[in-house]
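Visitor: I have this model open on my screen and would like a walk through its charged pairs and strands. Can you take me round?

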Amino acid sequence: TSRLEARYAESRKKRQLLSGIVGEPRKGLGLAAGLTLGRTGSETAGDTIDGDIRLSMALRPPGSAWTILDRLEYRFVSEDRDHSESRRLVNNLHANVKPHHKLQIALQYGAKYVLETLDDQAYDGFVDLIGLETRYDLTPKWDVGLRGSVLHTWQTGQMEYSTGLSIGHTLFKNTWISAGYNFTGFEDEDFSRANYTAQGPFVQFRMKFDQQTVREMLEKWQH
């Protein structure tokens with residue numbers, strides 16, 4: 001899929017290219033790549049160039065208890081007004097295993113390298129995250145979970161922690177909602193999107209949506 005956009009206003013104009021490809025080279029292995037590239041021009045702020053390149057993998061071996069998801073992303077932003085530039089390389093790896101039909105264990109490892117330039121001064125840093133979550137089914141529709149993660153900033157040696165409990169409920173097939181509370185937490189724009197890591201209460205909603213789900217929804221609607 002590809003799309004080219006152009007927007008023009010009196011004081012601002014923007015052009016953007018979006019492209020993606022998805023394939024399944026063999027059963028149980030899905031691969032995807034995506035590209036977003038844009039340029040915004042403004043009479044007062046100058047030009048801004050930004051882009052996002054993504055590579056993704058989903059590995060679900062037939063008959064295996066493991067599911068592995070990985071996403072590598074390179075993002076960059078360059079602004080004329082501030083003479084600034086930001087580049088970051090981020091990888092998020094998620095592995096999920098069910099050692100028992102009532103028990104599920106999820107592992108996460110995230111790593112990112114950030115390079116920023118402001119007024120001809122360059123700053124860089126490496127940050128990684130290790131996370132673990134276990135969920136246990138109390139009944140076919142109710143489950144409880146325990147989670148914990150550590151964020152490590154290597155340049156400063158700083159460590160931040162997130163720990164919490166939650167309870168989940170399956171509303172109907174392929175649709176799940178949970179509510180919980182993190183006793184300790186942190187925020188990171190690259191790692192917090194997949195799992196809520198900030199301190200305090202949270203609610204999560206997840207839904208599996210594919211061609212089989214659409215087919216089942218249409219069948220129920222017709223009946």
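**Salt bridges and hairpins**

Guide: Happy to. The structure holds 16 salt bridges, and keep in mind that this is a predicted model.

Visitor: Which residue does arginine 75 meet in a salt bridge?

Guide: Start in strand E5 (residues 66-79), where arginine 75 sits, and look 115 residues away, in the loop between strand E11 (175-184) and strand E12 (200-207). Both partners are buried. The N to O distance is 2.4 Å, and the side chain that arginine 75 meets is that of aspartate 190.

Visitor: How many residues apart in sequence are arginine 88 and glutamate 189?

Guide: These two form a salt bridge, with their closest N and O atoms 3.3 Å apart. Arginine 88 belongs to strand E6 (residues 84-100) and glutamate 189 to the loop between E11 and E12, so the pair ties together parts whose separation in sequence is 101 residues.

Visitor: Is glutamate 189 buried or exposed?

Guide: Its partner arginine 88 has 12% relative accessibility, so arginine 88 counts as buried. For glutamate 189 the relative accessible area is 56%. The cut-off for the other class is over 50%, so glutamate 189 is exposed.

Visitor: What about lysine 112: where is the aspartate 188 that forms a salt bridge with it?

Guide: The closest N and O atoms of lysine 112 and aspartate 188 are 3.0 Å apart. Lysine 112 is in strand E7 (residues 103-118), and 76 residues separate the pair; aspartate 188 is in the loop between E11 and E12.

Visitor: Why do lysine 112 and aspartate 188 count as buried?

Guide: Buried means under 20% relative accessible area. Lysine 112 is at 6%, so lysine 112 is buried; aspartate 188 also counts as buried, at 12%.

Visitor: Which residues do salt bridges that share partners join into one network?

Guide: Three members come from the loop between E11 and E12: aspartate 188, glutamate 189 and aspartate 190. Written out, the network is Arg71, Glu73, Arg75, Arg88, Lys112, Glu116, Asp188, Glu189 and Asp190.

Visitor: On to the strands. Which residue stands opposite alanine 6 in E2?

Guide: Strand E1 (residues 2-8) and strand E2 (residues 12-26) run antiparallel, joined by 7 bridges. A hairpin of 3 residues connects them. Opposite alanine 6 you'll find arginine 15.

Visitor: And which residue in the turn between E2 and E3 has a positive phi?

Guide: E2 pairs with strand E3 (residues 29-42) over 13 bridges in the antiparallel sense, and one of the partner pairs is leucine 18 with threonine 36. The hairpin leaves 2 residues between the strands, and the one with a phi of about 90° is glycine 28.

Note on methods: Residues numbered from 1 in each chain as written. Predicted model: local features only at pLDDT ≥ 70, side-chain atom pairs only at ≥ 80, totals over all residues. Heavy atoms only, no water. Salt bridge = Lys/Arg side-chain N within 4 Å of Asp/Glu carboxyl O. Helix = DSSP H or I, 4+ residues; strand = E, 2+ residues; numbered from the N terminus. Buried < 20%, exposed > 50% of the residue type's maximum accessible area, 1.4 Å probe, protein only. Pairing = 2+ DSSP bridges.
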